[in-house]
There are 2 protein chains.
Amino acid sequence: MTYQQLVDFIREQKSFLCVGLDTDLRKVPQHLLSHENPIFDFNRAIIDATAPFSVAFKPNLAFYETYGVQGWQAFEETVRYIRTHYPRHFIIADAKRGDIGNTSQMYARAFFEDLDVDALTVAPYMGGDSVEPFLGYENKWVVLLALTSNRGSADFQLITDADGAPLYERVLKTSQSWADKEQMMYVVGATQGAKFADIRRLVPHHFLLVPGVGAQGGSLQEVCRYGLTPDCGLLVNSSRAIIYADASPSFAEAAAAAARAVQEQMEQVLSEAHII
Amino acid sequence: MTYQQLVDFIREQKSFLCVGLDTDLRKVPQHLLSHENPIFDFNRAIIDATAPFSVAFKPNLAFYETYGVQGWQAFEETVRYIRTHYPRHFIIADAKRGDIGNTSQMYARAFFEDLDVDALTVAPYMGGDSVEPFLGYENKWVVLLALTSNRGSADFQLITDADGAPLYERVLKTSQSWADKEQMMYVVGATQGAKFADIRRLVPHHFLLVPGVGAQGGSLQEVCRYGLTPDCGLLVNSSRAIIYADASPSFAEAAAAAARAVQEQMEQVLSEAHII
């Protein structure tokens with residue numbers, strides 16, 4: 001998907017919601033456990049329920065790998081289902097990969113050729129040549145970790161260099177020579193509040209993928225105050241607050257209602273900012 | 001596996017070789033492609049051939065994920081095969097994972113409960129709470145990226161803070177409060193040469209997992225000069241130089257010969273250092 005296609009879809013959907021598919025069999029409605037393929041059946045119901053209110057889906061690989069071969073099968077089926085039924089939705093494989101060149105190349109083949117997702121989250125620690133193999137695919141994206149939403153983000157991401165610049169700023173600056181806003185996004189946690197203003201000075205036009213609204217305590221209003229661009233420039237992810245809104249057999253309706261509530265807030269934000 | 005069991009096994013084998021199972025169907029002997037399960041069949045032959053000369057195996061997840069469900073199946077079979085036939089070998093899943101707490105917890109379950117590998121490589125960028133979930137398993141290890149072997153390692157790992165300490169040193173220092181030498185190792189690329197001396201000042205007793213000897217150009221002698229501890233303290237990985245030593249039907253014999261050659265150098269090193 002191109003940058004412009006994503007922006008157009010956000011305007012049409014009046015939403016910049018990304019639904020995180022962190023599917024955990026200990027948390028899904030228990031009646032699904034008797035199904036032959038409970039992970040995929042849960043995902044399909046959540047996808048159908050939330051697609052009208054969202055622009056992206058983000059399956060989190062950890063939740064699939066933990067079920068081994070069955071988990072991978074469910075992950076592949078999920079990607080195929082979205083591709084077939086919601087072809088305009090942006091699919092982010094949240095895998096936080098990154099390795100030496102020949103290894104990153106193998107990951108790139110797995111996610112961009114065999115699976116045909118739009119984007120992959122990548123960790124920057126190993127530097128440029130660990131990220132570049134993911135950038136060799138037209139209209140495929142890298143979502144690079146910059147400033148994450150967890151407590152431990154302070155351990156290394158906030159270490160300042162001799163000029164006082166924290167590591168995450170160095171990541172933002174250096175990585176701009178690897179790709180522009182057409183192929184690169186950054187992960188910035190919603191819990192990072194006012195740092196969004198600093199980040200927008202460094203990357204005024206790139207999309208930011210923002211986890212941490214909801215269960216992790218970040219505020220949509222605060223993220224938007226500093227993070228919006230004239231093209232929106234934000235994908236705000238919500239996982240648990242939407243997909244586990246309810247554990248009864250009517251879980252999908254509850255997920256739809258939770259997604260719709262977020263979408264309505266987003267529509268207001270987009271409207272007030274004259275983006276729609 | 002405990003630290004002491006690993007040290008004992010190194011002394012018995014007179015080797016600190018880790019064989020990297022970076023199995024790529026474009027590089028394996030082509031007669032295997034007609035097999036039903038070429039990845040596993042290749043791995044089994046390589047494992048049988050190199051086990052007498054090694055102490056560890058390191059399957060690299062990227063090479064399995066690229067084949068989707070079949071790849072995961074082959075990965076699981078490979079781990080089971082090693083566990084069953086070579087129970088004293090240390091198994092490192094080279095996955096370079098690391099995510100927020102609940103997600104790292106899912107990865108930990110996948111690799112340490114369901115698959116029963118000994119160790120997992122983890123990227124430090126997201127900080128302490130992204131690594132801690134992997135440390136809740138007795139006799140299971142985290143192999144944390146410190147200073148990697150690739151060119152891009154200079155992009156961020158060598159950024160110095162206000163006191164002149166590079167990021168990788170901060171990673172080494174900070175992470176020592178998370179776990180001791182019984183549960184933590186560090187990745188330090190063989191291409192980093194004299195930096196091993198600095199690293200040993202910071203982590204005098206921890207095992208280092210050293211990739212980059214062979215195809216990437218690192219020198220075993222140099223690594224050992226600075227990296228050895230009284231308990232050896234090194235696992236030196238070789239992947240391509242061993243597993244692709246030959247592409248004919250006698251590939252396994254060639255791999256054995258390549259592994260034996262490395263083991264003989266290692267035996268000499270261990271003997272000269274009075275470790276055996």
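In strand E3 of chain A, A:Phe90 is the bridge partner of A:Ala56. The model is a predicted one, and this pair serves as a way into it. Strand E3 of chain A covers residues 90-97 and runs parallel to E2(A), to which two bridges join it. On its other side in the description stands strand E1 of chain A, residues 17-21. E1(A) and E2(A) also pair in the parallel sense, here over four bridges. Within E2(A), A:Phe57 stands opposite A:Val19.

The residues of E2(A), a strand that spans 56-59, point in two directions. A:Ala56 and A:Lys58 point one way. A:Phe57 and A:Pro59 point the other way. Both sets are buried. A helix joins the picture at this point. E1(A), H2(A) and E2(A) together make a β-α-β unit, and the unit is right-handed.

Helix H2 of chain A spans residues 38-50, and A:Pro38 is found in it. A:Pro38 has 20 other C-beta atoms within 10 Å and is therefore buried, since a residue counts as buried at 20 or more. Leaving aside residues up to four places away in sequence, A:Pro38 touches A:Leu25, A:Val28, A:Leu32 and A:Leu33. A:Ala74 lies 36 residues from A:Pro38 along the chain, and the C-alpha atoms of the two are separated by 8.7 Å.

Strand E3 of chain A also holds A:Lys96. The phi of A:Lys96 is near 50 degrees, a positive value in a residue other than glycine. A:Lys96 is buried, because 29 other C-beta atoms lie within 10 Å.

Chain A as a whole comes next. The chain has twelve helices and eight strands. Its C-alpha atoms fill a box of roughly 60 × 45 × 35 Å, taken along the principal axes. The radius of gyration of chain A is 18 Å, and this agrees with the value near 19 Å for a compact globule of 276 residues. Of the 276 residues in chain A, 56% are buried. Contacts often span long stretches of sequence. Among those between residues at least 6 apart, 71% join residues at least 24 apart.

Chain B shows how the strands are arranged. Eight strands of chain B close into a barrel, in the order E1-E2-E3-E4-E5-E6-E7-E8. Their pairing is parallel. From one strand to the next, the twist averages 30 degrees. One of the strand pairs can be followed in detail. Strand E3 (residues 90-97) and strand E4 (residues 119-122) of chain B run parallel and are joined by three bridges. B:Leu120 in E4(B) is the bridge partner of B:Ala93.

A helix of chain B packs over part of this barrel's set of strands. Helix H12 of chain B, residues 251-272, lies across strand E1 (17-21) and strand E8 (234-238). Helix H12 runs at about 155 degrees to E1(B).

The loop between H5 and E4 of chain B contains B:Asp116. B:Asp116 is not a glycine, yet its phi is positive, at about 60 degrees. B:Asp116 counts as exposed because it has 12 C-beta neighbours inside 10 Å.

The two chains are related by symmetry. Chain B superposes on chain A after a rotation of 180 degrees, with 0.0 Å of shift along the axis and an RMSD of 0.0 Å. This is the relation of a two-fold axis. The contact takes 48 residues from chain A and 48 residues from chain B. On the side of chain B that touches chain A, six helices give two or more residues: H3 (61-65), H4 (68-85), H5 (101-114), H6 (128-131), H7 (153-156) and H8 (167-175). H5(B) gives the most to that side, with seven residues. The copies meet through the same surface, because 100% of the interface residues of chain B are also interface residues in chain A.

Note on methods:
Residues are numbered from 1 along each chain as its sequence is written. Chains are lettered from A and ligands numbered from 1 in the order in which they are written. This is a predicted model: local features need pLDDT of at least 70, side-chain atom pairs count only at pLDDT 80 or more; totals for chains, interfaces and linings use all residues. Two strands pair if DSSP finds at least two bridges between them. Axes are lines fitted to C-alpha atoms, for helices over the stretch in contact, and angles run from 0 to 180 degrees between N-to-C directions. Two residues are in contact if their C-beta atoms, placed from the backbone, lie within 7 Å. The radius of gyration is taken over C-alpha atoms; the globule rule is 2.2 Å times the number of residues to the power 0.38. Copies are superposed by least squares on the C-alpha atoms of residues with pLDDT of at least 70 in both. A crossover is right-handed if, with the strands pointing away from the viewer, the path from the first strand over the helix to the second runs clockwise.
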